[in-house]
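Here is a friendly walk through the packing and pairing of side chains in one protein chain. Keep the viewer open as you read, and follow along residue by residue.

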Amino acid sequence: MKAIIFNSGLGNRMGDFTQHFHKSMTKLKNEETILHRQLRLLTEEGIQEFIITTGPFEEQIQSTAAEFNHVSFTFIRNEIYDRTNYIYSMYLAKNYIDDDMLFLHGDLVFNKKLVRDILDSHYKNCAPVNFTKPKPAKDFKGRVNDGKIIEISVHIFDDDCFAFQPFYKLQKAAASAWVGKVVQFISEGKISCYAENALNEIAPALDIRTFSYDGYYIDEIDNTEDRLRVMEEILNFDNE
């Protein structure tokens, strides 16, 4: 299994910080960066191959990755990161998405047990949903039907929609199907939407099951307020 981490965004909502640093260089309370934490937990759970998409401050990402010299990295640079969404970065990485995959965004903070249990889940395709957490106003929600995720969007708030985090475990066939739809979108000039827009066209057929993250920790850091909140909350899960 490989992991692909999407780290090609500007991170403008982090204010002055991202004038000088990549968003994934945001430090948590123990002084560990988001990216270092992601790589540490994923490698501890057996992931040995990584694809990382890059944009601004690529050298900072590569420097962090160099600390993990026992695993392999492929870096995919998005030269037009300032005018595309991560759908274009996935398109650029398409030739390397050729195995069972973890797909995750570079601003996610999560605990080790979540990684372990998602990897160990008997579901071949799954992603984290929380059925008790309030629906976020600005972040992804997942529409669920009979335990399957059939749509992912920021803009859905119906009763069958729940808090969702972009950390996907997909078998090779499902990952390839998503990439194929992304290629179609890019050929149609759709470079500024979410990759989930492409996924939504085929999600009902992919059997992506819900993994409840109630009792685990996973959240994203979009701005300085998120950072202050997440860096405190994750402390309660760091022994797991």
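## Charges over rings

Lysine 190 places its charged end over the ring of phenylalanine 185, at 4.4 Å from the ring centre. A similar arrangement involves lysine 94, whose charged end sits over the ring of tyrosine 91, 4.2 Å from its centre. Please keep in mind throughout that this is a predicted model.

## The nonpolar cores

Which residues have the most contacts inside the largest nonpolar core? They are Met90, Ile97, Phe103, Tyr168, Trp178 and Leu199, in a core of 38 residues. Helix α5 (residues 172-187) gives the largest share of this core, with seven residues. Another core lies apart from it and has 29 residues, among them Ile61, Phe73, Phe167 and Tyr216. As general background, nonpolar side chains tend to be buried together in soluble globular proteins.

Tryptophan 178 is a good residue to centre your view on. Leaving aside its neighbours within four places in sequence, tryptophan 178 is in contact with Tyr86, Met90, Phe103, Tyr168, Leu170, Ala195, Glu196, Ala198, Leu199 and Ile202. Of these contacts, Met90, Phe103, Tyr168 and Leu199 are also listed with tryptophan 178 among the residues with the most contacts inside the largest core.

## Aromatic pairs

The structure holds 15 aromatic pairs. In one of them, the rings of tyrosine 168 and tryptophan 178 have centres 5.0 Å apart; their planes meet at 65°, so this pair counts as edge-to-face. Tyrosine 168 belongs to strand β10 and tryptophan 178 to helix α5, and 10 residues separate them in sequence. Are these two residues buried or exposed? Both tyrosine 168 and tryptophan 178 are buried.

Phenylalanine 211 and tyrosine 216 form another ring pair, with centres 5.2 Å apart and planes at 50°, so the pair is tilted. Phenylalanine 211 is buried at 10% relative accessibility, and tyrosine 216 is buried too, with a relative accessible area of 17%. Ring pairs also join Phe6, Tyr86, Phe103, Phe140, Phe164, Tyr168, Trp178 and Tyr194 into a cluster.

## A buried helix face and a buried asparagine

Helix α4 (residues 112-120) has four buried residues to look for: Leu114, Val115, Asp117 and Ile118. An α-helix has 3.6 residues a turn, so residues three or four places apart point the same way. The elements covering the buried residues of α4 include α1 (34-44), β5 (108-110), β6 (126-130), β10 (167-170), β11 (209-212) and β12 (218-220).

Asparagine 7 is part of strand β1 (residues 2-7). With a relative accessible area of 4%, asparagine 7 counts as buried. Not counting residues up to four places away in sequence, asparagine 7 touches His22, Ser24, Leu35, Ile52, Thr53, Thr54, Gly55, Ile61 and Gly106. One of these contacts, Ile61, is also a member of the 29-residue core.

## Salt bridges across the chain

How many salt bridges does the structure hold? There are 29. Side chains of opposite charge can pair when their charged atoms come close. Lysine 23 and aspartate 107 form one such bridge, with their closest N and O atoms 3.0 Å apart. This pair links distant parts of the chain: lysine 23 is in the loop between β1 and α1, and aspartate 107 is in the loop between β4 (101-105) and β5, 84 residues apart. Lysine 23 is buried with a relative accessible area of 13%, as is aspartate 107 with 8%.

Lysine 29 bridges to glutamate 232, and here the closest N and O atoms are 2.2 Å apart. Lysine 29 sits in the loop between β1 and α1 and glutamate 232 in helix α8 (residues 224-233), 203 residues apart. Lysine 29 is partly exposed, at 44% relative accessible area, and glutamate 232 is partly exposed at 37%.

## A network of charges

Lysine 138 forms a salt bridge with aspartate 222, their closest N and O atoms being 3.1 Å apart. Lysine 138 is in the loop between β6 and β7 (141-145) and aspartate 222 in the loop between β12 and α8, so the bridge ties together parts that are 84 residues apart in sequence. Lysine 138 is partly exposed at 35% relative accessibility, whereas aspartate 222 is buried at 4%.

Where do these charges lead? Salt bridges link Arg13, Lys23, Asp107, Lys133, Lys138, Asp139, Asp219, Asp222, Asp226, Arg229 and Glu233 into a network.

Note on methods
Residues numbered from 1 in each chain as written. Predicted model: local features only at pLDDT ≥ 70, side-chain atom pairs only at ≥ 80, totals over all residues. Heavy atoms only, no water. Core = buried A, V, L, I, M, F, W, Y, C linked by side-chain atoms within 4.5 Å. Buried < 20%, exposed > 50% of the residue type's maximum accessible area, 1.4 Å probe, protein only. Helix = DSSP H or I, 4+ residues; strand = E, 2+ residues; numbered from the N terminus. Contact = heavy atoms within 4.5 Å. Salt bridge = Lys/Arg side-chain N within 4 Å of Asp/Glu carboxyl O. Phe/Tyr/Trp six-rings, centres within 6.5 Å; stacked < 30°, edge-to-face > 60°. Lys NZ or Arg CZ within 6 Å of the ring centre and 35° of its normal.
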